[in-house]
Amino acid sequence: MNFLEEKILQDGVIKEGNILKVDSFLNHQIDIDVMRQMAYEFKRRFHGVEVNKILTIEASGIAIATLLGHLYDVPVVFAKKSQTANSTDDKYVAQAYSFTHKKMNNVFISKPYLNATDKVLIVDDFLADGQAAHALIDLVHQAGAEVAGIGIAIEKGQQKGGSELRAEGVRLESLAIVEEMDWQTQTIKFREQPVQKIANQNLKLK
Ligand code: 5GP
């Protein structure tokens, strides 16, 4: 079991409707040590892959993306879900259905922040049906840039996002993959993954 699976078992709450709540360390309060370990583990898994930009989607992906950007020493960009009145920039726009909010969102990035020379590592907190990931891939392609890979903290393996992305040939790394979970018994089963080196808790970023 890796550090993230342990943390999910310790602090996660399973809700009816196939929702895993991890508010205490990822979606509301942010546990910086867990974020730091995730950033190290992504960097280890994507070793040898050229990356010059980290991309995520607001809001919960931003914390992981920021620590990862610090580790790679590259800019972090987040796709926005609502138009800001004071933005006059030209934008790349894609659509994503929100699994948690049950509505279609336009997601966008101002054109100056994605370029054709970018090799983009996409990161997000959860992967469910793959709507957010596909919207981010779409935005990267609109800019003529390249997707270097996708790093996900928690993949819900019972939903189709992961298998679709892998079938499309995307390099996808999910730190914890939920195989089954039951809200009534509060039990969860993770997919076996190759043994991971647990990042040293005392390691400093850089
Ligand atoms: P997808 O776009 O892959 O269908 O869903 C991923 C997005 O929905 C993530 O960005 C995440 O914010 C949200 N999400 C999906 N499933 C869950 C879940 O079980 N728990 C939480 N906290 N967020 C989820």
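**Core, strands and ligand site in a predicted model**

The largest nonpolar core has 37 residues, and those with the most contacts inside it are Leu4, Ile8, Leu20, Leu26, Met38, Ile54 and Ile154. The model is predicted.

User: Which elements give two or more residues to this core?

Analyst: They are helix 1 (3-11), helix 2 (23-27), helix 3 (32-45), helix 4, strand 7, strand 8 (146-156), strand 9 and strand 10. Helix 4 gives the most, with 7 residues.

User: Why is Phe126 called buried?

Analyst: Phe126 has a relative accessible area of 18%. Buried means under 20%, so Phe126 counts as buried. Phe126 is found in strand 7. Its C-alpha lies 9.6 Å from that of Gly151, and the two residues are 25 apart in sequence.

User: Why does Ser174 count as buried?

Analyst: The relative accessibility of Ser174 is 1%. The cut-off for buried is under 20%, so Ser174 counts as buried. Ser174 is found in strand 9.

User: What makes the pair of Ser174 and Glu155 a polar contact?

Analyst: The contact runs from side chain to side chain, at 2.6 Å. A polar contact requires N or O atoms within 3.5 Å, one able to donate a hydrogen and the other to accept it. The pair of Ser174 and Glu155 is listed as such a contact.

User: What makes strand 3 mostly covered?

Analyst: In strand 3 (residues 53-57), 5 of its 5 residues are buried. Lys53, Leu55 and Ile57 point one way, Ile54 and Thr56 point the other way, and all are buried.

User: Which way do the side chains of strand 10 point, and which are buried?

Analyst: In strand 10 (residues 187-190), Ile188 and Phe190 point to one face and are buried. Thr187 and Lys189 point to the other face and are not buried. In a regular strand the side chains alternate between the two faces of the sheet.

User: How do you know that strand 3 pairs with strand 7 and with strand 4?

Analyst: Two strands pair if there are at least two bridges between them. Strand 3 and strand 7 (residues 119-127) have 3 bridges, in the parallel sense, and Ile54 stands opposite Leu121. Strand 3 and strand 4 (residues 76-79) run parallel and are joined by 4 bridges; there Ile57 has Ala79 as its bridge partner. Both pairs therefore meet the requirement of at least two bridges.

User: Which elements make the right-handed β-α-β unit?

Analyst: Strand 3, helix 4 (residues 61-72) and strand 4 make that unit.

User: How do you know that strand 9 and strand 10 pair, and in which sense?

Analyst: Strand 9 (residues 172-182) and strand 10 are joined by 4 bridges and run antiparallel. At least two bridges are required, so strand 9 and strand 10 count as paired. Met181 has Ile188 as its bridge partner. In this hairpin 4 residues lie between the strands, and Gln186 takes a positive phi near 55°.

User: Which residues are closest to the ligand, and how many surround it?

Analyst: The ligand is surrounded by 16 residues, the closest being Leu20, Ala128, Asp129, Gly130 and Ala132.

User: What makes the approach of Leu20, Gln131 and Ala132 to the ligand polar contacts?

Analyst: The limit for a pair of N or O atoms is within 3.5 Å. A backbone N or O atom of Leu20 lies 2.8 Å from a ligand nitrogen. A backbone N or O atom of Gln131 lies 3.1 Å from a ligand oxygen. A polar backbone atom of Ala132 is 2.8 Å from an oxygen atom of the ligand. Taken alone the ligand exposes 500 Å², and the protein buries 89% of that.

How values were computed:
Residues are numbered from 1 along each chain as its sequence is written. This is a predicted model: local features need pLDDT of at least 70, side-chain atom pairs count only at pLDDT 80 or more; totals for chains, interfaces and linings use all residues. Side-chain values use heavy atoms; hydrogens and water are left out. Buried means under 20% relative accessible area, exposed over 50%, partly exposed in between (1.4 Å probe, protein chains only). A crossover is right-handed if, with the strands pointing away from the viewer, the path from the first strand over the helix to the second runs clockwise. A residue is near a molecule or strand if one of its heavy atoms lies within 4 Å of it. Accessible areas come from the Shrake-Rupley method with a 1.4 Å probe; for residues, only the protein chains shown count as cover. A nonpolar core is a set of buried Ala, Val, Leu, Ile, Met, Phe, Trp, Tyr and Cys residues joined through side-chain atoms within 4.5 Å.
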